[in-house]
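Reader: I am new to protein structures and would like some help in reading one. Could we go through it together, one question at a time?

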Amino acid sequence: MTAEIFLRDFVFDCFIGIHDFERGVRQRMQVNIVLQVKKIVPQRDELALVLDYDYLRLGVLDLVRERVFDTQEYLLGKIVDIAFSHTAVVGVLVETCKPDVYPDSAGVGCRLQLARDEYLDLCLQGAWLAE
C-alpha cells in the first residue's frame, strides 16, 4: 500500500524566466506536490508519528527566497530534492505552473513523477541535478 499526502495550489512569488519582461521581476508560481509514503495513519494521534508538511512548504519558500531561476524544469528538480530529503517519502509528483505568462492561457508549466529508487539511480549516474 502506498498513501499520498499533498500540498495543492501552493502559490508564491519568485524570480523565474528567460524573457526580458520576466528578468528582475518576481512573478507568481503555482506548485502542486504529491508525496507518496508507505504509512499515513499513525497508531496514535501525535504529530511526531506523521510526516509534517512544513518541511516541504518552508523548504520551497527558502529555495525561492533570493535565488533566480531561468527555467521551471530546474526549479521543479530542486523541489523534488526537497521532497526526497524526508526519508518517509517513497515517491513524488511535482507540478509547476506560471499562471501569468500568457494572457490567453491559464498557465504554462511542467510535471514530473519519480519514485525514490529512480531518483537515487539518477543521482548515482550523475544524471540528476548537480550544483
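Reader: Let me start with one side chain: is Trp 128 buried or exposed?
Author: Happy to help, and please keep in mind that this is a predicted model. A residue counts as buried when its relative accessible area is under 20%. Trp 128 has 16% relative accessibility, so Trp 128 is buried.

Reader: Which residues are linked with Trp 128 into a cluster by ring pairs?
Author: Let us go from ring to ring. Tyr 119 counts as buried at 10% relative accessibility. The ring centres of Tyr 119 and Trp 128 lie 5.5 Å apart with the planes at 75 degrees, so this pair is edge-to-face. One more ring joins in, and the residues linked with Trp 128 are Tyr 119 and Phe 84.

Reader: How are the rings of Phe 84 and Tyr 119 arranged, stacked or edge-to-face?
Author: The structure holds four aromatic pairs. For Phe 84 and Tyr 119, the centres are 4.6 Å apart and the planes meet at 25 degrees. Planes under 30 degrees apart count as stacked, so the answer for this pair is stacked.

Reader: How many residues apart are Phe 84 and Tyr 119 along the chain?
Author: Phe 84, which is buried with a relative accessible area of 4%, sits in helix 2. Tyr 119 belongs to helix 3, residues 116–125. Their pair links distant parts of the chain, and the separation is 35 residues.

Reader: Now for the whole fold: what pattern does the protein follow along the sequence?
Author: Here is the overview. The protein has three helices and five strands. Buried residues make up 38% of its 131 residues. Read along the sequence, the elements follow the pattern β-β-α-β-α-β-β-α.

Reader: Which residue is the bridge partner of Phe 10 in strand 2?
Author: Strand 1 and strand 2 run antiparallel and are joined by eleven bridges. Strand 2 also runs antiparallel to strand 4, with eight bridges between them. Back at Phe 10, the partner in strand 2 is Val 31.

Reader: How many of the twelve residues of strand 2 are buried?
Author: A good way in is through one residue, Ile 33. Leaving aside neighbours within four places in sequence, the contacts of Ile 33 include Ile 5, Leu 56, Ile 79 and Leu 93. Strand 2 is largely enclosed by the rest of the structure, because the number of its buried residues is nine.

Reader: Which residues touch the most other members of the largest nonpolar core?
Author: In soluble globular proteins, nonpolar side chains tend to be buried together. The largest nonpolar core here has 32 residues. Among the elements that give two or more residues to this core are strand 1, strand 2, helix 1 and helix 2. The members that touch the most others are Ile 33, Leu 35, Val 80 and Val 92.

Reader: Which residues of helix 1 are buried?
Author: Seen down the axis of helix 1, the buried residues fall within an arc of 120 degrees, so they line one face of the helix. They pack against strand 1, strand 2, strand 3 and helix 2. By name, the buried residues of helix 1 are Leu 56, Gly 59, Val 60, Leu 63 and Val 64.

Reader: One last thing: what is phi of Asp 9?
Author: Most residues other than glycine have a negative phi. Asp 9 is found in strand 1 and counts as partly exposed at 43% relative accessibility. Its phi is positive even though Asp 9 is not glycine, with a value near 55 degrees.

Key. Residues are numbered from 1 along each chain as its sequence is written. This is a predicted model: local features need pLDDT of at least 70, side-chain atom pairs count only at pLDDT 80 or more; totals for chains, interfaces and linings use all residues. Side-chain values use heavy atoms; hydrogens and water are left out. Buried means under 20% relative accessible area, exposed over 50%, partly exposed in between (1.4 Å probe, protein chains only). Helices (H or I, at least four residues) and strands (E, at least two) are DSSP runs, numbered from the N terminus. The arc is that of the directions from the helix axis to the C-beta atoms. Contact means heavy atoms within 4.5 Å. Two strands pair if DSSP finds at least two bridges between them. A nonpolar core is a set of buried Ala, Val, Leu, Ile, Met, Phe, Trp, Tyr and Cys residues joined through side-chain atoms within 4.5 Å. Rings of Phe, Tyr and Trp (its six-membered ring) pair if their centres lie within 6.5 Å; planes under 30 degrees apart count as stacked, over 60 as edge-to-face and the rest as tilted.
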